[in-house]
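This report goes through a single protein chain, from its paired strands to its cores, one of its pockets and a few individual residues.

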Amino acid sequence: MAGLAMVLTVFNACQKDELKTSPDEGIAKTSKADVYLEGDYLVVKNYEAIDSLKTILQNKSLEEQSRWEDQLGLKSAKTFRAQASDKLAGFQKEADAENYAKELVKEGYFSMKDSSMCYPFYNYFWDCILNKNGVIKIGDVLYCFQKDAQISVMDGKAKTLNQFISKPESCDTAVVKVYSFPKLKSTTPANYGEVAWNRAYSAGEGVRWTLSLYYHYLPIKTVGPNGQDITNQGGVRYYLYFHEEKKGLFGWRDSKDIFHHQHITSSYGNCLEPGTTTYFPATWKHYPNTDFYKINSSVLANVYVDMVFWRFGGLISPPASNYPAPTIFEFSSNGKTDYITSPLNLTIN
């Protein structure tokens, strides 16, 4: 744990994810280790430790993730999904596979819509630290992430969370707070946070690769009038997401590969200034070299690339549901794996 704490310090990130807080949701200081297990979910000291931990674990292989989890006794959503995917692929009879897929549907880990593995919470970037039910404790507050909401349990008790999930109307709203996730508008808002995606198949259509550009609001932590921490919206953050899958007896399952990324050009702009009706022009352009590079040396099924964050000229609190993301004038990216030589292209104008 001492080694982990040192790594967390070295990799400490300055940006916060989309976790929502309220004025009475202060994080109490603790003398315990930065990260430990309580029941079947992680307890993390503060937001800074969360950011550092996600930075370290996001693009780790399952083997590396499992070794870290074994030290704590955790089974993360990332590990649960991978093991469920392998089990689903191991059935010899389609009826058995279908029955297991139905069990996964109830837990939120399989979609009958496109016969593929998924998550019961909306943000894949947290899969390495959430348990399979999307639960984590930060300081004294217990959080539960779902498809369209975040549940914050102020007393930090799993019993309170379970009572709310089974009977929401019976819980004190001062103890349990629910935040519905706003859907920011972007160039093509087909799904939450997805700007565009492209998918390619192998010659026999037994393998498929997906390349997507996602966005989330960029949180900025400020201090309120009473000295409390408040999270405001200060911009938008874009991520590139790569996913490889193989077709099995019943549906698609995660598949491992090495992802090579070539980011060609980017140009963002036309963002509405908070509190006004005027737009300011594009100020962010990027023209890197044309060489492909590996994300890292790990063999992965899911890869996350932090592309760019866009800061507004002011803060918005709470994040507005109708606030536009920056217009993408141009975005071009290629990706390839060790299985395919022709790149998977994603171009947005």
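## Strand 7 and its neighbours

In strand 7, the side chains alternate: Ala149, Ile151 and Val153 point one way and Gln150 and Ser152 the other way, and all of them are buried. The model is a predicted one, and in it strand 7, which spans residues 149–153, is mostly covered, with five of its five residues buried. Strand 7 has strand 6 as an antiparallel partner, the two being paired over four bridges, and a hairpin with three residues between the strands leads from strand 6 to strand 7. Within this pairing, Phe145 stands opposite Gln150 of strand 7, while Leu142 has Val153 as its bridge partner in strand 7. Strand 7 is also joined to strand 8, residues 176–180, by five bridges in an antiparallel arrangement, and here Ser152 stands opposite Lys177 of strand 8.

Strand 6 is likewise mostly covered, since five of its five residues are buried according to the cut-off of under 20% relative accessible area. From strand 6, Val141, Tyr143 and Phe145 point one way, Leu142 and Cys144 point the other way, and all are buried. Strand 6 runs antiparallel to strand 5, to which four bridges join it, and one of the facing pairs is Val135 with Cys144, its bridge partner in strand 6. The hairpin of strand 5 and strand 6 has two residues between the strands, and in it Gly139 takes a positive phi near 65°.

## The nonpolar cores

In soluble globular proteins, nonpolar side chains tend to be buried together. The largest nonpolar core of this model has 42 residues, and those with the most contacts inside it are Leu42, Trp68, Leu104, Tyr109, Ile129, Ile136 and Phe145. At least two residues of this core are supplied by each of strand 2 (41–44), helix 2 (47–57), helix 3 (62–72), helix 4 (77–89), helix 5 (94–107), strand 5 (135–138), strand 6 (141–145) and strand 11 (229–247). Helix 2 gives the largest share of this core, six residues.

Apart from this core lies another one, of 25 residues, which includes Val303, Met307, Ile340 and Leu346. As for Ile129, one of the residues with the most contacts inside the largest core, its contacts, leaving aside neighbours within four places in sequence, are with Leu42, Ile50, Leu53, Lys54, Leu57 and Ile136.

## The second largest pocket

Rolling a probe the size of a water molecule over the atoms shows where empty space is left. The second largest pocket has a volume of about 330 Å³, and 23 residues line it, with Leu62, Ala82, Asp254, Lys256 and Ala301 lying nearest its centre. Two or more lining residues come from each of helix 3, helix 4, strand 12 (252–254) and strand 18 (302–316).

Helix 4 contributes the largest share of the lining of this second largest pocket, namely seven residues. By character, the lining residues of the second largest pocket comprise seven nonpolar, seven polar and nine charged.

## Individual residues in loops and a helix

Most residues other than glycine have a negative phi, and most peptide bonds are trans. Ser115, in the loop between strand 3 (110–111) and strand 4 (116–117), nevertheless has a positive phi, near 50°. Because its relative accessibility is 24%, Ser115 counts as partly exposed. Glu205 also has a positive phi, near 60°, in a residue other than glycine, and its place is in the loop between strand 9 (194–201) and strand 10 (207–223).

Asn99 is found in helix 5, and its relative accessible area of 44% makes Asn99 partly exposed. Between Asn99 and Leu88 the separation is eleven residues in sequence and 9.7 Å in space, taken from C-alpha to C-alpha.

## The chain as a whole

The chain contains six helices and 20 strands, and of its 349 residues, 51% are buried. Among the contacts in the chain with a separation of 6 or more, 66% are accounted for by residues 24 or more positions apart.

Terms used
Residues numbered from 1 in each chain as written. Predicted model: local features only at pLDDT ≥ 70, side-chain atom pairs only at ≥ 80, totals over all residues. Heavy atoms only, no water. Core = buried A, V, L, I, M, F, W, Y, C linked by side-chain atoms within 4.5 Å. Buried < 20%, exposed > 50% of the residue type's maximum accessible area, 1.4 Å probe, protein only. Contact = heavy atoms within 4.5 Å. 1 Å grid on protein atoms, 1.4 Å probe; cavity = no way out; pocket = protein on both sides within 12 Å on 5 of 7 lines; lining within 4 Å. Points joined across faces, edges and corners; volume = space filled by probe spheres on them. Nonpolar A, V, L, I, M, F, W, Y, C, P; charged D, E, K, R; others polar. Pairing = 2+ DSSP bridges.
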